[in-house]
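Got a minute to walk through a protein model together? Grab the sequence, open the 3D view, and follow along with the points below.

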Amino acid sequence: MARILVIGASRGIGLETVKALLARGHEVRAFARKASAIPLDDARLEKVDGNALDPASVASALAGVDAVVQSLGVDFGVNAVVKGTTLFSSSTRILVDAMKQKGPQRLVAVTGFGAGDSRGHGGLLYDAVMFPLVLKRVYDDKDISEQMIKASGLEWTIARPGILTNSAAGGAYQVLTDPETWRAGPIARADVGDFLAEEVTARRYVHQTPVLIN
């Protein structure tokens, strides 16, 4: 079993990834601003309070781990929709630089459907309404983050989940690697966490950007 660092571990996809990794028998270092409040107790879980925008905290969290899952998110409030964010690009720059200097080399990152070359594959409603009105400014920063990861020289995989839901894990989600098949669709956060927990050691999609939908 491996020791995996999960950045953004306190909620959403990050928390679901922690659960899925523990279920597979891995040791997990859960890194988040409020990691100590994660409602899980397991001898293989280490909770580390830290800031993904603090280079010293990130470098310390990397010590002794075999791989990293990066799963950060922002609330799509008025400020993020109107002004955008730099969270993804800034945190990725810090993480990639630290990993290149000290390791590990395996990185599985989450962006989202509409990032990078998946933009424009969502259909009329998604591409013409939802994306430009709600997602674009945040996803512009995710695009920068993806570019950094692809240029890093690391052993990376970038997962692009569709429209996230809080449904229970279904287990029958689709992993779409061919751009001809990419489309918008719902997927449970628990299913995304399952994919990340499997992929980080299985390495089936190294240097690929699969879209995940149910």
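Let's start with G8, which is buried because its relative accessible area is 15%, and the cut-off for buried is under 20%. Keep in mind that what you're looking at is a predicted model. From G8 we'll move on to the sheet, then a kinked helix with its rings, and then a few backbone oddities.

**Around G8**
- You'll find G8 in the loop between β1 (3-7) and α1 (12-23).
- Now look for A52: it sits 44 residues from G8 along the chain, yet the C-alpha atoms of G8 and A52 are separated by 8.0 Å.
- Just before that loop comes strand β1. Four of the five residues of β1 are buried, so this strand is largely enclosed by the rest of the structure.

**The sheet**
- How many strands form the open sheet, and in what order? There are eight, and they go β3-β2-β1-β4-β5-β6-β10-β8. The pairing is mixed.
- The strands at the edges are β3 (45-49) and β8 (174-176). Each has a single partner strand, so one side of each is left without a neighbour in the sheet.
- Going from one strand to the next, the twist averages 20 degrees.
- Quick background: strands of a sheet pair through backbone hydrogen bonds, and they can do it parallel or antiparallel.
- Here's one parallel pair to try: β1 and strand β2 (residues 27-32) are joined by five bridges. In this pair, I7 has F31 of β2 as its bridge partner.
- Here's another: strand β5 (residues 106-110) and strand β6 (residues 155-161) also pair in the parallel sense, over five bridges. Look for R106, which stands opposite E155 in β6.

**The kinked helix, α5**
- Helix α5 covers residues 124-150. A straight helix of 27 residues would span 39 Å at 1.5 Å a residue, but α5 spans only 29 Å between its end C-alpha atoms.
- Where is the kink in α5 centred? On L135, with a bend of about 75 degrees.
- L135 is buried, and so are other residues of α5, including V138, D141, K142 and M148.
- For contrast, check α6 (189-202). This helix has 14 residues and reaches 20 Å from its first C-alpha to its last, close to the 20 Å expected at 1.5 Å a residue.
- Among the buried residues of α6 are V192, F195, L196 and V200.

**Rings and a charge**
- The structure holds four aromatic pairs.
- In one of them, the rings of Y126 and F131 have their centres 6.3 Å apart and their planes at 45 degrees, so the pair is tilted. Both Y126 and F131 are buried.
- What kind of pair do F131 and Y139 make? Their ring centres are 5.6 Å apart and their planes stand at 75 degrees, so this pair is edge-to-face.
- F131 has a relative accessible area of 6%, so it's buried. Y139 comes out at 7% relative accessibility, so it counts as buried too.
- Add F113 to Y126, F131 and Y139 and you have one aromatic cluster.
- There's also a charge to spot: the charged end of K142 sits over the ring of F88, 5.0 Å from the ring's centre.

**Backbone oddities**
- A bit of background first: most peptide bonds are trans, and most residues other than glycine have a negative phi.
- The peptide bond from G103 to P104 is cis, with omega near 0 degrees. P104 is in the loop between α4 (87-102) and β5.
- R203 isn't a glycine, but it has a positive phi of about 60 degrees. You'll see R203 just after α6, in the loop between α6 and β10 (211-213).
- Phi of H207 is near 60 degrees, again a positive value in a residue other than glycine. H207 lies in the loop between α6 and β10.
- Are R203 and H207 buried or partly exposed? R203 is partly exposed, with a relative accessible area of 37%, and H207 counts as partly exposed at 47% relative accessibility.

Technical notes: Residues numbered from 1 in each chain as written. Predicted model: local features only at pLDDT ≥ 70, side-chain atom pairs only at ≥ 80, totals over all residues. Heavy atoms only, no water. Helix = DSSP H or I, 4+ residues; strand = E, 2+ residues; numbered from the N terminus. Expected span 1.5 Å × (residues − 1). Bend = angle between axes of the 7 residues up to and from the residue. Buried < 20%, exposed > 50% of the residue type's maximum accessible area, 1.4 Å probe, protein only. Phe/Tyr/Trp six-rings, centres within 6.5 Å; stacked < 30°, edge-to-face > 60°. Lys NZ or Arg CZ within 6 Å of the ring centre and 35° of its normal. Pairing = 2+ DSSP bridges. Axes fitted to C-alpha atoms, helices over the stretch in contact; angles between N-to-C directions.
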